[in-house]
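Here's a quick walk through one protein model and the ligand that comes with it. Have the viewer open and follow along.

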Amino acid sequence: MNIFEPQLFRRQFPLIVSHDKFLTESDRTISPLIYFDNAATTQKPKQVIDVQQHYYNNFNANVHRASHQLSSKATFAFEKARSLVQEFIGAKSVKEIIWTKGATESINIVAQSLGRNTLKPEDEIVLCASEHHANIVPWQIVAEQTGAVIKVLPLTSHGYIDIDEIDKIITDKTKFVACAHISNVLGRINPIKQLIAKAKSVGAISLIDGAQAVAHLSIDVQLLACDFYVFSAHKMYGPTGVGVLYGKKELLENMQPYQGGGEMIKKVSFNQATTFNSLPFKFEAGTPNIAGIIAFAECIDFLIPFLTDVKNSYSLYEQKLINYCYQALDKIEQVKFIVGGTPDVGVIAFTITGHHNHDIAMSLDTFGIAIRSGHHCAMPLMAYLNLTGCLRVSLAAYNSLEEIDYFIASLKNILLEGALEQISKHEEEEVLSSLATNEIENIITLFSNTKSWDSRHREIMLLGKTLPRLHKALRSDTTLISGCESLAWLKLEYSEQGLYMFTADSDAKIIRGLLVIVLAAYNKKTAIQIHEFNINAYFSHLGLMQHLSPSRGNGLLAIVDKIKLLTKNSD
Ligand code: PMP
């Protein structure tokens, strides 16, 4: 398939089409899946999945190391993938293409292999206010190690780097300028050519984080004239665990390896200093993700025709989706976009007045719509915009106008009919009375009748209504549970009998419901009972594990951890 045609393109993605009958044929026996979380990771086309499987079935062997045919075959495909990447981004030489496990590792390599050895106290590293944590934390670590200082470029009201400010921030003290080509929250194509030129004019090294750009734009690193360009395969329809560090050969040649191990050496001895392999192998310690890299080559073959199509059909279609979705959202009164104007790529971030982001995202999930809520690994951006988090719809070229219609209708349904509130007095009283003794058995009974995430979600929301609100004065920094993406507070009391009593609250309705479930397990228990209780088994029994595994996303782990911490060593 070389010509972009939306329907045909969509058909290449097995996971996406397996749910199609729900929308196209109104077949309600099929569960819906509207996948709008493409900035997190994209789905994979069948040919990429097949190539990965074919490698394991037919020529799985380690690369570069053996003198047998199987290894030669694997090595050939592996190195061919490197050449394809070189071509894909217009690099001068294959030696400039380093395999990593993702954009994050690529940035860490530059920070540690180059930054750590060259930065001095008071030297400056310039980042942008909208960076992903992957392009902040590695620089913070190296700043801490070397005494360098981080400076931040501000944004315009439309979410672009404010280019008018670069002369003030990028100065002779600047040694690195590291910036996203496209922010994973704002979806704006930053004016990186100007930024790179400015960095060059003061003798600073430029690094561009292309994680969100590679699926949408044709990249030419020589035209951009950047020193480093990094990206991950999984954001451009390729496998997870594969990334690229492009770097100018002169720079890479003078950099120290980041990790030591097999393949990155020339000679190892106990008596003399170990010498390192030439580029690009010097930075590729250990066995790489061979299957993933070979499948990534297939993915590049798949994508190149669309990105380089003179008719622009692929990007015009993406633009059509963006405009359609943005305009439909704009018509909903409660929707507030986090910055002004339509984004350049399909990443649309907003909040909904009067509702917590998590409540909206989890309610949409009951309609089969996957969107993201939270800080999107861009906490400094959230602080910059004075937000605690936001919702993000991120579109890919396999998405359709029909999916957007369904998403908008579902969102309106949630908001207009107040689905989040749509719990009758009678139902509420029923739950309240069943929880009168607030025992764990009652929770288990409540959930035993639920068959789907829909009905479980409803029970959680019902339970949330039964949780008395904490007095405002108690919702303070001392009771705040950190690590929870929504705000949640926990207060404990200790009885003379040595039992704990917890009261809690959250600004998200879903979290209030989860708190009722968690507190039913821990309230009126001794510290030993609390620590011995198997919370995972409890959640699994309620049928919640697959949706709410105690991870950072919903803050469950943070709540459980806080309870355990507060009750530690007290028996
Ligand atoms: N930068 C940006 C802009 C991103 O969106 C992401 C992933 N969300 C990363 C860096 C990190 O990518 P990875 O997790 O694949 O290393």
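## Ground rules

A word on burial before anything else: a residue is called buried under 20% relative accessible area and exposed over 50%, with partly exposed in between. Also keep in mind that this is a predicted model.

Lys95 is a handy test case. With a relative accessibility of 34%, Lys95 falls between the two cut-offs and so counts as partly exposed. You'll find Lys95 in the loop that runs between helix 5 (69-89) and strand 2 (97-100).

## The ligand site

Which residues surround the ligand? Going round the shell, you meet Gly102, Ala103, Thr104, His132, Ala134, Asn184, Asp209, Ala211, Gln212, Ser232, His234 and Lys235. Sorted by class, that shell comes to three nonpolar, seven polar and two charged residues.

Now for some distances. A ligand nitrogen sits 2.5 Å from a side-chain N or O atom of Asp209. On the oxygen side, a ligand oxygen is 2.7 Å from a polar side-chain atom of Ser232. Ala103 takes part through its backbone, where a polar atom is 3.3 Å from an oxygen of the ligand. As for cover, the ligand taken alone would expose 400 Å², and the protein buries 85% of that.

## Cysteines without partners

How many disulfides does the model have? The count is zero. Cys128 is in no disulfide: the nearest cysteine sulfur belongs to Cys179 and is 5.1 Å away. Since a disulfide needs the two sulfurs within 2.5 Å, that pair doesn't make the cut.

Cys226 is in a similar spot as far as bonding goes. The closest cysteine sulfur to that of Cys226 is again in Cys179, but at 11 Å, which is too far for a bond. Are these cysteines buried or exposed? Cys128 has a relative accessible area of 3%, so Cys128 is buried. Cys226 comes in at 0%, so Cys226 is buried as well.

## Two histidines and their contacts

His181 is placed in the loop between strand 5 (174-180) and helix 9 (192-201). It's a buried residue, because its relative accessibility is just 6%. Its side chain is joined to that of Tyr229 by a polar contact of 2.8 Å.

His216 belongs to another loop, the one between strand 6 (205-209) and helix 10 (221-224). At 13% relative accessibility, His216 counts as buried too. What does the side chain of His216 make a polar contact with? The partner is the side chain of Glu318, at 2.9 Å.

## Backbone oddities

If you're checking torsions, start with Pro280. The Leu279 to Pro280 peptide bond is cis, with omega near 0 degrees. Pro280 is part of the loop between strand 10 (275-276) and helix 12 (290-307).

Then there are two positive phi values outside glycine. His376 has phi near 55 degrees, and it lies in the loop between strand 14 (372-374) and helix 15 (379-384). His376 counts as buried because its relative accessibility is 6%. Lys524 has a phi of about 60 degrees, also without being a glycine. Its loop is the one between helix 20 (509-522) and helix 21 (527-532).

## Helix 12 up close

Does the length of helix 12 agree or disagree with what its residue count implies? At 1.5 Å a residue, its 18 residues should span 26 Å, and the end C-alpha atoms are 25 Å apart, so the two agree.

Helix 12 is also largely enclosed by the rest of the structure, because 15 of its 18 residues are buried.

## Sequence distance versus space

Finally, two pairs to compare by eye. Lys95 and Leu279 are 184 residues apart in sequence, yet their C-alpha atoms are 5.2 Å apart in space. Leu279 is also the residue on the other side of that cis bond to Pro280.

For Ile404 and Leu223 the sequence separation is 181 residues, and the C-alpha atoms are separated by 36 Å. Ile404 is placed in helix 16 (residues 401-416). With a relative accessibility of 0%, Ile404 counts as buried.

Key:
Residues numbered from 1 in each chain as written. Predicted model: local features only at pLDDT ≥ 70, side-chain atom pairs only at ≥ 80, totals over all residues. Heavy atoms only, no water. Buried < 20%, exposed > 50% of the residue type's maximum accessible area, 1.4 Å probe, protein only. Near = heavy atom within 4 Å. Polar contact = N/O pair within 3.5 Å; in protein donor to acceptor, adjacent residues only side chain to side chain. Areas by Shrake-Rupley, 256 points an atom, 1.4 Å probe, with all protein chains shown as cover. Nonpolar A, V, L, I, M, F, W, Y, C, P; charged D, E, K, R; others polar. Helix = DSSP H or I, 4+ residues; strand = E, 2+ residues; numbered from the N terminus. Expected span 1.5 Å × (residues − 1).
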